[in-house]
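Visitor: I have a structure to look at and no idea where to begin. Can you take my questions as they come?

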Amino acid sequence: MSAPKTIPKDAQVMIQILKDMGVTEYEPRVINQMLEFTYRYVTTIIEDAKIYATHAKKSSVDTDDIKLAIQCRMDQSFTSPPPRDFLLEVARQKNQTPLPLIKPYTGPRLPPDRYCLTAPNYRLKSIQKKVTPSAGRITVPRLSVGAVSSRPTTPTLGTPSVQSVSTKVGAPVSLTGQRFTVQIPPPSQTTKTTTPSTPAVSNVLINPSLIGSKNILITTNMVSQSASGDSLKRKHEDDDDYDAL
Amino acid sequence: MAAVQGGLVDTKDEVDVKTEPASDGFGNNTANDSRLLSAPPGSSTAVGNNKPAAGTPEEQQTLLAVLQFLKKNKLSESAEILRREAGLPEDALDLKGTDASGSGQGGAAGSVDTEGGNANALLSRVTVSASAGVQAPTKAVGEDQPDVSVVLSAYSQQGDPALYDVYYSSLKKFIESVLDCHRAELSQVFYPLFVHMYLELVYNNHESEAKAFYEKFSGDQECYYEDDLRVLSSLTKKEHMRGNETLLDFRTSKFVLRISRDSYQLLKRHLQERQNNQIWNIIQEHLYIDIFDGMPRSKSQIDAMSGSLAGEARREANKAKVYYGLLKEPEIELPLDDEDEEAENEEGKPKKKKPKKDNVGSKSKKQDPNAPSQTRIPLPELKDSDKLDKIMYMKEATKKIRLGPDLLPSICFYTFLNAYQGLTAVDFTDDSSLIAGGFADSTVRVWSVTPKKLRKVKTAADLNLIDKESDDVLERIMDEKTASESKILYGHSGPVYGISFSPDRNYLLSSSEDATIRLWSLQTFTCLVGYKGHNYPVWDTQFSPHGYYFVSGGHDRVARLWATDHYQPLRIFAGHLADITCTRFHPNSNYVATGSSDRTIRLWDVLTGNCVRIFTGHKGPIHAITFSPNGKFLASGATDGRVLLWDIGHGLMVGELKGHTDTIYSLRFSRDGEILASGSMDNTVRLWDAMKAFDDLETDDFTAATGHIHLQDNSQELLLGTYTSKSTPVVHLHFTRRNLLLAAGAYNP
């Protein structure tokens with residue numbers, strides 16, 4: 001134990017509090033941790049109280065404001081679990097339903113897809129680009145990958161259907177008259193759409209008139225970027241055509 | 001009584017519980033009506049208080065509040081009757097006659113709100129109180145209606161706060177003067193009484209008296225209540241009480257005491273003689289006295305069973321039938337095998353089935369009367385891969401070493417280095433091929449224990465290219481490029497406190513402080529599902545021995561039963577007073593045991609969600625539970641360093657193993673149940689002789705009926721060995737199929 005003179009007063013108070021509460025064994029950094037928490041908590045409460053006081057057009061902060069600030073904070077951050085009889089009631093209702101029967105031979109037993117984390121967590125952004133001036137104003141959807149918030153656990157079980165296109169690189173002729181499922185997210189979507197929202201899928205029939213070198217551009221620029229670099233179905237293509245998002 | 005907010009109705013059991021103590025105690029085990037009928041005579045002592053106290057504003061408020069509550073819940077008839085009986089004019093906010101026991105406002109009113117839906121009981125209570133002395137309406141209409149919750153949860157003013165001291169001391173003197181045999185039993189009353197009196201003082205804003213009361217009497221309490229008393233000492237104002245869920249539960253639930261009839265008579269007589277028997281009122285209101293006929297218990301017997309937050313368990317709580325037997329193992333034909341040493345049976349010879357290696361107690365042809373039926377709860381059918389697993393299991397089991405006091409298992413310790421105290425959970429697969437560790441940095445790591453490396457499944461594109469008909473297709477689907485010794489799983493956003501492998505080794509579950517439980521696939525090593533339901537840290541989770549179901553328990557004091565293909569829980573097990581620290585399935589998957597910080601263990605029935613057993617006796621939060629392989633017994637370890645053994649069928653404590661000096665974090669029975677291994681924070685693994693501990697149990701009628709046990713102090717003889725590690729607390733124990741003991745812990749220099 002270092003000499004009391006070197007410990008600031010706040011820390012001494014905190015040590016005393018810990019002793020009063022019966023906490024005898026703790027690491028030295030716990031004091032710092034507690035002090036930081038205390039400072040942050042008190043500052044937050046006082047700031048909140050100040051806001052309430054100005055809202056009530058009072059000149060100075062008084063106890064009512066502080067009480068209100070504390071109460072609001074308690075309801076927000078420091079909640080406690082529901083009371084026991086509420087839980088008992090909920091449990092009673094839940095336990096009344098019989099256990100569901102198990103369907104045989106169903107493969108991996110997982111909840112419906114929207115509750116799983118198995119869908120791809122990226123979406124493809126459509127780009128307006130003048131592909132062929134002669135072909136009129138046909139906007140060819142440009143397939144590039146939207147911003148992906150890097151989540152290492154990209155579940156990659158689902159195979160987005162676009163993949164099928166990429167395997168057809170180098171055979172432009174075969175593109176004729178084939179249907180490709182292309183994911184074109186509506187432009188209003190934010191970049192952080194979560195996986196359960198199904199991106200709009202439309203079938204684009206690639207017109208033979210569009211076939212040209214530019215179309216091959218489309219297919220080859222199917223970039224795959226998933227956050228985890230592992231086990232991905234697509235290869236990394238040119239980075240040039242990335243859109244900065 | 002904050003419960004009032006939702007106006008929710010408790011389960012019938014709770015209702016019964018709450019109304020019973022208000023009777024004069026004789027009819028404790030009988031139904032509601034006895035309470036009401038006996039209330040007037042029983043409260044003859046207190047009824048004197050009624051009339052003079054009738055006109056006090058608080059009681060007027062109470063009546064007002066009750067009336068308002070009735071109206072809010074559309075119980076117009078009851079409201080009418082209340083108004084009529086109490087002699088109120090239309091719309092008058094009136095004074096409800098207090099409960100017959102006069103001071104029992106808190107309790108009775110509390111019972112009122114929980115029985116909000118039960119108009120009859122309410123009615124009868126109204127009539128009773130009306131007969132006990134009704135007051136004229138005095139309060140004007142239109143006053144601000146008191147909030148029901150506030151009023152009904154108030155501890156009523158029982159008497160001069162300065163006199164609490166006197167009451168308590170006089171009770172103390174009385175108990176010290178009784179016969180020895182009764183003294184131990186009556187001393188049980190001290191602790192709950194102390195707590196409730198203190199809380200009353202605090203609630204009614206008598207801070208200084210509360211402090212003085214605490215100072216004077218807290219030292220007298222039993223040592224194992226020390227932690228609770230410390231929490232209590234920090235509560236000095238009414239506002240402090242609001243956020244403390246555990247204390248609210250303590251106030252609203254009845255503290256259960258088991259007292260013999262003779263001792264109880266003594267106490268009752270003494271308390272009813274006195275003028276101001278506030279103590280008697282408190283006892284009626286907050287305590288549940290489970291009376292039994294017979295010899296009073298000795299101090300040691302009482303000490304063994306007490307220690308939990310809510311007293312002991314009532315006898316009825318442990319009377320339900322529990323199917324503790326094991327499910328029948330499915331008959332599996334063993335294929336022709338050339339590498340087995342023993343004479344193996346071939347196909348087509350169903351006779352020489354596999355009862356060779358004991359299928360853990362399954363009576364082969366007959367139905368065990370104590371076993372649940374196969375279809376009691378739906379269980380997944382066995383797939384081919386499961387059948388192969390079972391065959392492997394049986395083969396390994398033939399090579400199992402039979403352990404005993406003279407043949408102790410070897411222990412292999414897996415030490416996690418450089419974990420920097422971040423290792424929070426460990427699990428092994430059943431065949432001991434994989435270890436998983438959950439860490440405080442929110443990662444889960446899986447290691448392969450065998451030389452076989454961990455591989456991921458190939459990508460979909462590559463899977464198209466392989467030959468599906470080949471024999472080794474299961475190896476071909478694995479991607480060699482991803483082979484590694486260990487894999488790290490990211491996904492949680494808080495320390496991972498619980499980990500469990502599925503029996504078929506396909507899935508891994510992890511539960512974390514971020515209130516989710518994640519299911520990971522061990523084929524692709526990615527996260528498949530996040531189960532949200534708890535809103536608070538989840539301290540433990542476990543897969544069922546048959547797969548498909550899993551249970552989780554956490555800070556919100558409930559345990560939930562889930563199935564992997566439902567995003568919401570199937571069952572909610574509510575009843576504990578403090579958070580649930582440990583959850584385990586019974587070997588037959590029909591029951592779940594939960595250990596909690598309220599120092600009790602509860603056994604829940606998966607089919608109905610009811611609590612079928614309550615085991616009290618630990619003096620600290622419980623951190624380890626394990627079932628014996630034959631399903632009959634339960635072992636539990638807590639922070640008090642003791643391992644307690646319980647007989648599930650009878651609901652009794654059958655053994656106590658003392659020896660550890662610090663919290664016990666892991667317990668495991670050997671594969672045949674002969675040895676119990678316990679690992680603790682004191683860096684040791686201890687082996688105990690389980691066969692001997694369960695051997696001579698005296699379960700005569702009296703013991704079974706009253707639940708009194710005579711524990712032998714034979715911990716020393718049962719201890720077979722103590723093995724110390726070099727400053728590594730033992731976090732997990734696992735017996736391999738051949739009865740080798742594996743232990744895991746993080747090195748903590």
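Visitor: How many residue pairs are in polar contact across the interface of chain B and chain A?
Guide: The rule finds 12, with both residues at pLDDT 80 or more. A polar contact is a pair of N or O atoms within 3.5 Å; within protein, one must be able to donate a hydrogen and the other to accept it, and residues adjacent in sequence count only if both atoms are side-chain atoms. This is a predicted model, where local features need pLDDT of at least 70, side-chain atom pairs count only at pLDDT 80 or more, and totals for chains, interfaces and linings use all residues. Residues are numbered from 1 along each chain as its sequence is written, chains are lettered from A and ligands numbered from 1 in the order in which they are written, and side-chain values use heavy atoms, leaving out hydrogens and water.

Visitor: Which element gives the largest share of chain B's side?
Guide: That is β13(B), with 6 residues. Strands (E, at least two residues) and helices (H or I, at least four) are DSSP runs, numbered from the N terminus.

Visitor: And which residues form the salt bridge?
Guide: A:R109 and B:E381, at 3.4 Å from N to O. The rule finds 1 salt bridge across this interface, meaning a side-chain nitrogen of Lys or Arg within 4 Å of a carboxyl oxygen of Asp or Glu.

Visitor: How many residues are in contact there?
Guide: 61 of chain B with 47 of chain A, where contact means heavy atoms within 4.5 Å.

Visitor: New topic: at what angle do α9(B) and α11(B) cross?
Guide: Roughly 175°, with the axes of α9 (residues 164-177) and α11 coming within 11 Å. Axes are lines fitted to C-alpha atoms, for helices over the stretch in contact, and angles run from 0 to 180 degrees between N-to-C directions. The two helices are therefore roughly antiparallel; angles over 145 degrees count as that, under 35 as roughly parallel, 65 to 115 as roughly perpendicular and the rest as oblique.

Visitor: What about α11(B) and α17(B)?
Guide: The axes of α11 (residues 190-203) and α17 (residues 278-286) of chain B come within 11 Å and cross at roughly 100°. That makes α11(B) roughly perpendicular to α17(B).

Visitor: Which residues meet?
Guide: B:L193, B:H196, B:M197 and B:E200 in α11(B) meet B:I279, B:I282, B:I283 and B:H286 in α17(B).
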